[in-house]
Amino acid sequence: MAQTRWNMRKLAIATLCVLVTAAWTAMGEVKSQTAQQRVARAAALDTAQVVQRIDSIIYDYLAAEKVKPSGPASDADFLRRVYLDITGRIPTAEQAAAFLDSRDPDKRAKLIEQLLASPEYGRHFADEWVRLLVPRNSDNRALRTQPLFDWLAEQFNQNRPWSEIVTALLTAKGTQQENPAVTYFLANQNLDQITNSVCRLFLGNQLQCAQCHNHPFTNWKQNDYWAFAAFFSKVRADNTVRAAKLGNSPGVTEMARFLGRRPNLPESYKALPPKFLAGESPQLRPDEPYRPVLAGWLTAPENPYFARATVNRWWAKFFGRGLVNTVDDMHQDNPPVYPELLELLAQQFVGHNFDLKWLVRTITSTQAYQRSSQPAGDRPADPTLFAQMPVKPMTPAQLFDALAQVVGFNRNLTVRKPAVGAKPGFNIREAFILAFSGDEAADPLDYQAGIPHALRLMNSQMTNAEGLVLQEALRRGKTPEEILDWLYLGMLSRRPTEQERQRFLAYVGQRQYARNAWADIFWALLNSSEFVLTR
Amino acid sequence: MHSFLPVSRREFCQLTTAGIMGVSTSGWLDILALRAAESQTKHKSCILLWMDGGPSHKDTFDMKPGTKYAGEFKPIPTSVPGIHISEHFPKLARLMQHVAILRGMSTGEGAHPRARYYLHTGYREGQGGVVHPSIGSIVSKELSNPDFPLPSFVAISARTYGAGYLGPRHEPLVINDPTRGVENLQALVSAERFQDRVSLLQELEQGFYRTYRSPAAQAHQTMYARAVELMRSKEAKAFDLSQEPASVRQRYGGTRFGDSCLLARRLVEIGVKFVEVTLGGWDTHQNNFVRVRQLSEQVDPAISALIEDLKARGLLESTLVVWMGEFGRTPHINNRGPQPGRDHWPRAWSTLLIGGGIRGGQVIGKTDAEGATVVERPISALDFLATVCTILGIDYNKQYTTPRGRPIRIVDRGANPIKELL
């Protein structure tokens with residue numbers, strides 16, 4: 001039966017690709033060599049120099065194209081944006097007031113440092129990476145992800161070089177309890193799953209089409225795919241559902257020899273000696289572990305894919321789209337919008353020894369990142385040029401954390417275990433994230449919520465209670481003006497405009513019960529676009 | 001087909017909110033009035049009765065009396081000469097002229113999660129690295145009317161597979177408890193206060209949009225407008241089962257599944273295009289006969305009342321009712337436990353199709369003497385889904401484009417819809 005499954009799977013993947021193949025054949029040409037160039041060695045520059053060069057690359061292009069960029073973001077817009085992007089959280093009312101009232105000319109740079117130093121930074125990136133590393137599918141229903149989350153958060157917070165983190169993930173062995181990094185292989189058990197995932201996440205390439213036939217758009221041949229997959233051919237991962245039933249911690253080992261044809265091996269599988277992508281075949285003894293050799297090639301400074309894929313993915317996290325879009329589809333016919341910028345950032349990332357905090361600091365220090373989300377003209381600018389910061393929907397995790405912060409922990413919340421897709425340790429946050437998650441491959445700039453989500457935000461206990469921020473505002477505010485200020489700072493990270501102040505104070509004044517009126521305002525702010533979007 | 005069917009969610013939102021923002025300043029609820037009154041083309045609807053766990057075909061609709069592992073139940077004749085079904089479906093037996101039994105189901109997935117996914121989407125889980133839309137989301141996308149205030153796909157009693165790459169507009173609205181209706185549909189404050197809140201919200205929205213002109217803000221406003229409209233719509237009353245006399249609920253069996261089927265009928269009556277009702281418990285590795293009997297006794301009155309009510313309302317011709325699980329069960333009986341059971345069996349099993357304009361009163365496909373393999377007219381998962389699409393008037397060869405730009409057919413190549421039904 002497993003054989004049939006794979007037959008079908010192969011057939012279907014082939015079918016999906018038929019159309020693109022036809023288009024390619026019609027073009028009547030075969031690209032000779034599309035392999036990327038190595039990343040050139042470059043001396044590490046000061047962060048300020050790199051930031052300046054990024055901005056001048058963009059500025060020169062926009063000037064040549066006569067595109068007017070948006071002006072700088074207001075302090076309030078920058079504040080909320082940088083909190084959400086670096087820590088996944090919105091600032092508290094105190095944090096917002098302190099930043100807005102500071103007259104320090106360096107306050108933006110200092111805030112970036114402060115956020116990078118906070119433990120929330122590592123937790124936020126771990127949250128995002130767990131979702132990338134562990135696909136949400138039924139095979140993983142019994143797999144615990146908390147150990148991986150804790151491990152990743154620690155790596156990010158200690159600022160371990162990305163090359164080392166990825167090496168640890170790629171070469172991990174032992175039980176999940178001993179080494180949480182094995183979770184990656186536990187979550188991607190089949191040879192094609194792990195191959196596709198490694199290519200997408202760390203090399204910025206979608207190789208899955210080449211699994212069954214030569215890739216129509218790129219130069220990837222089916223042999224390239226299976227020769228690359230061969231690096232994982234000796235890995236054995238425990239069945240996580242069975243381990244969970246037995247109460248064991250599942251583990252990963254790399255065997256001394258190839259395991260032979262396993263039941264889950266795709267029909268298209270070809271037994272080939274390991275070979276790097278568009279690179280040479282390493283001299284390997286059959287009994288030596290393959291994965292360390294692969295990790296060494298993949299994270300080498302000159303690797304043509306790794307650094308570019310990483311800086312592109314990080315850029316996309318902050319801007320809502322990559323220099324190459326989609327982020328994991330980097331090839332010759334899908335060139336970056338600012339090739340010089342991508343090269344500069346990749347070279348400097350390598351020059352700074354794969355330092356992720358350096359990368360975040362550099363990106364968030366640019367004028368491009370600190371631009372306003374208000375269009376310079378009447379309409380939003382072309383999002384591909386980074387002339388304006390797009391308004392980004394919060395991720396479901398960010399939205400939950402923002403709600404939890406303004407509402408306060410709510411003991412009345414219960415969650416039913418869903419019949420399909422339940423995971424162990426299914427908690428309120430995970431339930432919320434599952435309910436609010438759209439398609440994983442969707443454009444991150446697309447608003448993904450639907451009617452049930454709107455109903456939940458309008459009419460659940462959670463949003464109708466007298467939320468924590470409102471309680472604080474009522475306790476601390478001596479005048480209606482101060483109460484309103486506190487609500488705005490705690491929820492939207494800014495103070496109200498004059499017009500808003502007049503409107504809301506009048507609203508409170510006209511109502512018989514001021515407390516109800518304040519609850520109405522709290523509700524309206526919480527349900528607003530401004531609350532659920534990152535500007 | 002509606003000419004207005006949005007190509008993508010983003011375009012849909014732009015289309016609709018361009019209207020309110022460009023023309024009207026009196027509030028975003030006008031959006032709903034501004035949507036052109038589309039011609040009300042009558043599309044078909046579908047009710048999927050999902051028998052979670054995999055019902056035993058040999059103990060329901062493909063009985064093999066006289067064989068070694070025939071089991072405990074007796075076949076009974078039906079309103080159609082020559083067709084026999086289990087004795088525990090006496091009411092349905094009298095309606096067999098509306099029912100087609102497909103006895104040649106043969107799929108390849110024998111594990112629950114993968115089989116559920118496969119039979120809901122027509123694709124193997126994980127195939128090509130995308131999450132595929134379930135049949136309910138496909139029907140929502142193809143047949144829904146953009147002016148309709150309710151979601152076009154409602155799932156009762158269980159969370160099910162959703163829209164995948166089709167996006168949130170086609171996600172199911174999940175009703176956990178049929179007697180409680182849509183969660184969060186009622187405001188928690190008085191109608192007057194809720195209106196005050198909505199007014200405040202509208203002002204905030206206009207201010208934000210004036211400043212940022214963001215498509216995401218437009219989409220947010222559209223979704224809220226639709227949600228508020230749903231709260232206030234007369235159609236939302238369809239979710240309130242307390243409006244049905246007790247005698248009607250009794251006719252459906254007085255069970256949670258019966259209530260769910262009644263709710264499905266009410267939803268289809270007002271224009272919901274796809275309702276999925278889940279009845280769990282069919283995974284009868286142990287105690288097969290007691291449990292299948294109890295489950296059959298829940299299904300029989302509910303499905304029969306549903307057919308009769310749809311017929312009485314003139315909706316049976318336009319409503320396809322599907323009864324199915326993710327696979328069948330072993331032809332032989334296991335005696336591992338204290339009570340006999342049957343295990344997973346995807347190689348040969350049965351489903352029912354009722355109404356929707358099909359030719360009822362027939363059996364399609366045939367299994368061998370033990371019900372172990374299909375010997376006549378095998379039906380793959382692709383054939384089955386292509387058949388459902390064809391009955392509902394959906395071109396199953398149509399290609400969608402995923403967010404990554406890959407073309408994917410509604411049903412993959414190689415599907416042959418069952419012509420005998422049409």
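**Exercise 1.** Is A:Phe354 buried or exposed, and how many other C-beta atoms lie within 10 Å? Work this out in the predicted model, and then describe the backbone at A:Phe354.

*Solution.* Begin with the place of the residue: A:Phe354 is found in the loop between H15 and helix H16 (356-365) of chain A. Next, take the count of neighbours, which is 21 other C-beta atoms within 10 Å. A residue is called buried if 20 or more other C-beta atoms lie within that distance, and therefore A:Phe354 is buried. Finally, look at the backbone, where A:Phe354 has a positive phi of about 55 degrees although it is not a glycine. Most residues other than glycine have a negative phi.

**Exercise 2.** Find the loop in which B:Asn184 lies, and state what its phi angle is.

*Solution.* The loop that holds B:Asn184 runs between strand E6 (173-175) and helix H6 (191-212) of chain B. In that loop, B:Asn184 has a positive phi of about 65 degrees, although it is not a glycine. The last step is the neighbour count: B:Asn184 has 20 other C-beta atoms within 10 Å, and so it is buried.

**Exercise 3.** Determine whether the peptide bond from A:Asn325 to A:Thr326 is cis or trans, and give its omega.

*Solution.* The bond from A:Asn325 to A:Thr326 has an omega near -5 degrees, and it is cis. As for its setting, A:Thr326 lies in the loop between helix H14 (306-319) and helix H15 (339-351) of chain A. Most peptide bonds are trans.

**Exercise 4.** Describe the contact between chain A and chain B, beginning with how many residues each chain gives.

*Solution.* The count comes to 60 residues of chain A in contact with 66 residues of chain B. On the side of chain A, the elements that give two or more residues are helix H1 (2-27), helix H19 (451-459), helix H23 (498-510), helix H24 (514-526) and helix H25 (529-532). H1(A) gives the most to this side, with nine residues. Sorted by kind, the residues of the side of chain A that touches chain B divide into 29 nonpolar, 18 polar and 13 charged. For the complex, the predictor gives an ipTM of 0.85 and a pTM of 0.79.

**Exercise 5.** Establish how enclosed strand E8 (residues 319-324) of chain B is, and find the strands that are joined to E8(B).

*Solution.* Six of the six residues of E8(B) are buried, so the strand is largely enclosed by the rest of the structure. Following the directions of its residues, B:Thr319, B:Val321 and B:Trp323 point one way, whereas B:Leu320, B:Val322 and B:Met324 point the other way. Turning to the partners, strand E1 (residues 45-51) of chain B is joined to E8(B) by six bridges, and the two run parallel; here B:Ser45 has B:Thr319 as its bridge partner. Strand E11 (residues 349-355) of chain B is joined to E8(B) by four bridges, and these two run antiparallel, with B:Trp323 standing opposite B:Leu352 in E11(B).

**Exercise 6.** Identify which residues touch the most other members of the largest nonpolar core, and follow the contacts of A:Leu487.

*Solution.* The largest nonpolar core has 254 residues, and those that touch the most other members are A:Leu487, B:Leu49, B:Ala227, B:Val275, B:Val322 and B:Leu385. Helix H7 (residues 215-232) of chain B gives the most to this core, with ten residues. Once neighbours within four places in sequence are left aside, A:Leu487 is in contact with A:Val469, A:Leu470, A:Ala473, A:Ile521, A:Phe522 and A:Leu525.

**Exercise 7.** State which domains chain B is assigned, and say how far apart their C-alpha centres lie.

*Solution.* The assignment gives domain 1 (44-181 + 244-336 + 346-421) and domain 2 (187-239) of chain B. Their C-alpha centres lie 36 Å apart, and the contact takes six residues from domain 1 and six residues from domain 2. On the domain 1 side, the residues that touch domain 2 divide into four nonpolar, one polar and one charged.

**Exercise 8.** Assess the predictor's confidence along chain B, and locate where pLDDT stays under 50.

*Solution.* Taken as a whole, chain B averages a pLDDT of 88, and 90% of the residues score at least 70. Over residues 1-41 of chain B, however, pLDDT stays under 50, and the model has 56 contacts beyond four places in sequence for these residues.

Key
Residues are numbered from 1 along each chain as its sequence is written. Chains are lettered from A and ligands numbered from 1 in the order in which they are written. This is a predicted model: local features need pLDDT of at least 70, side-chain atom pairs count only at pLDDT 80 or more; totals for chains, interfaces and linings use all residues. Two residues are in contact if their C-beta atoms, placed from the backbone, lie within 7 Å. Ala, Val, Leu, Ile, Met, Phe, Trp, Tyr, Cys and Pro count as nonpolar, Asp, Glu, Lys and Arg as charged, and the others, Gly among them, as polar. A residue is buried if 20 or more other C-beta atoms lie within 10 Å of its own, exposed if 12 or fewer, and partly exposed in between; C-beta atoms are placed from the backbone. A nonpolar core is a set of buried Ala, Val, Leu, Ile, Met, Phe, Trp, Tyr and Cys residues joined through C-beta atoms within 7 Å. pLDDT is the predictor's confidence in each residue, from 0 to 100. Domain bounds come from an automatic or database domain assignment. Two strands pair if DSSP finds at least two bridges between them.
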